[in-house]
Amino acid sequence: MEFAEYFPVWNKLTAVQQNRISGGVLSRTVRKGALIHNAGMDCTGLLLVRSGRLRAYILSEEGREITIYRLFERDLCLFSASCVMRSIQFDITVEAETDTDLWIIPADIYKKIMEESAPVANYTNEIMASRFSEVMWLIEQIMWKSLDKRVAAFLLEEASIEGTRQLKITHETVANHLGTHREVITRMLRYFQGENMVKLKRGGIEILDERKLEALNGG
């Protein structure tokens, strides 16, 4: 089963546990922009990315978004299974940033195996710790880092992920990732353009000078 190659502790499960997961796991293909989980979906299940990219974000009462982390190939999303982790006290939304193939592990199956298997419990705790570290890092960025530095860091990260300086991304999307307003991002990007760091295009941003962006970011 191909799923076994993507689940790190598969070989530490018993044959009964492997059969239980094999019989319950669901394979799904979602298109870019598809909503996979939100607060209204109490227990979607755990999401394991086979290929593509997912974005997890939180939504304010005013409707503003901010990205808390992204999920790439072989990443597992726990927060979409709130019934497994009752200590989670905030709601996240998960959407597909690109066309994505993934598996959904039913929460009740995973919870039962986690209670039986120390390796699965340890693996789950490691992921949880990593995700909360990302959330704490995000809080530090918001509190202590100026927006121009955050925008520079985001553009550099996008270029690294996409493997190109030609970013097909809107000002609204940048604002949603960083938890601010589109108008604020537009002003900041126009400033970057005036400093010859980027070139603004319809529906996209071209990075002209990575060194200037890295210097602005403090790199």
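Is Trp144 buried or exposed, and what is its relative accessibility? In this predicted model, Trp144 has a relative accessibility of 69%. Trp144 is therefore classed as exposed, since the cut-off for that class is over 50%. The residue belongs to helix H4, which covers residues 118-144. Trp144 also takes part in a nonpolar surface patch. Its partners there are Met136, Ile139 and Met143. The patch has an area of about 490 Å².

The chain as a whole contains eight helices and eleven strands. Its C-alpha trace spans about 60 × 30 × 30 Å along the principal axes. Of the 219 residues, 47% are buried. Contacts between residues 24 or more positions apart make up 70% of those with a separation of 6 or more. The accessible surface amounts to about 11600 Å². Carbon and sulfur atoms contribute 48% of that surface. Charged side chains number 28 positive and 30 negative. The centres of the two sets are 4 Å apart.

Backbone geometry was examined next. Most residues other than glycine have a negative phi. Against that background, two loop residues stand out. Arg74 has a phi near 80°, a positive value in a residue that is not glycine. Arg74 sits in the loop that links strand S5 (65-71) and strand S6 (76-77). Its relative accessible area is 40%. Arg74 therefore counts as partly exposed, as this value falls between the limits of 20% and 50%. The second case is Asn196, also not a glycine, with a positive phi of about 60°. Asn196 lies in the loop between helix H7 (182-194) and strand S10 (198-201).

A polar residue, Gln18, was then considered. Gln18 is located in helix H2, which runs over residues 15-24. The relative accessibility of Gln18 is 19%. Gln18 is thus buried, because the class takes in values under 20%. Which residues does Gln18 contact, leaving aside its neighbours within four places in sequence? The contacts are with Trp10, Asn11 and Leu13.

Taken by accessibility, the residues described here fall into separate classes. Trp144 of helix H4 is exposed at 69%. Arg74, in the loop between strands S5 and S6, is partly exposed at 40%. Gln18 of helix H2 is buried at 19%.

Key:
Residues are numbered from 1 along each chain as its sequence is written. Side-chain values use heavy atoms; hydrogens and water are left out. Helices (H or I, at least four residues) and strands (E, at least two) are DSSP runs, numbered from the N terminus. Buried means under 20% relative accessible area, exposed over 50%, partly exposed in between (1.4 Å probe, protein chains only). Contact means heavy atoms within 4.5 Å. Accessible areas come from the Shrake-Rupley method with a 1.4 Å probe; for residues, only the protein chains shown count as cover. Lys and Arg count as positive and Asp and Glu as negative; His and the chain ends are not counted. The place of a charge is taken as NZ of Lys, CZ of Arg, CG of Asp or CD of Glu. Patches are made of residues with over 30% relative accessible area and no salt bridge: like charges are joined within 9 Å, nonpolar side chains (Val, Leu, Ile, Met, Phe, Trp, Tyr) within 5 Å. A salt bridge is a side-chain nitrogen of Lys or Arg within 4 Å of a carboxyl oxygen of Asp or Glu.
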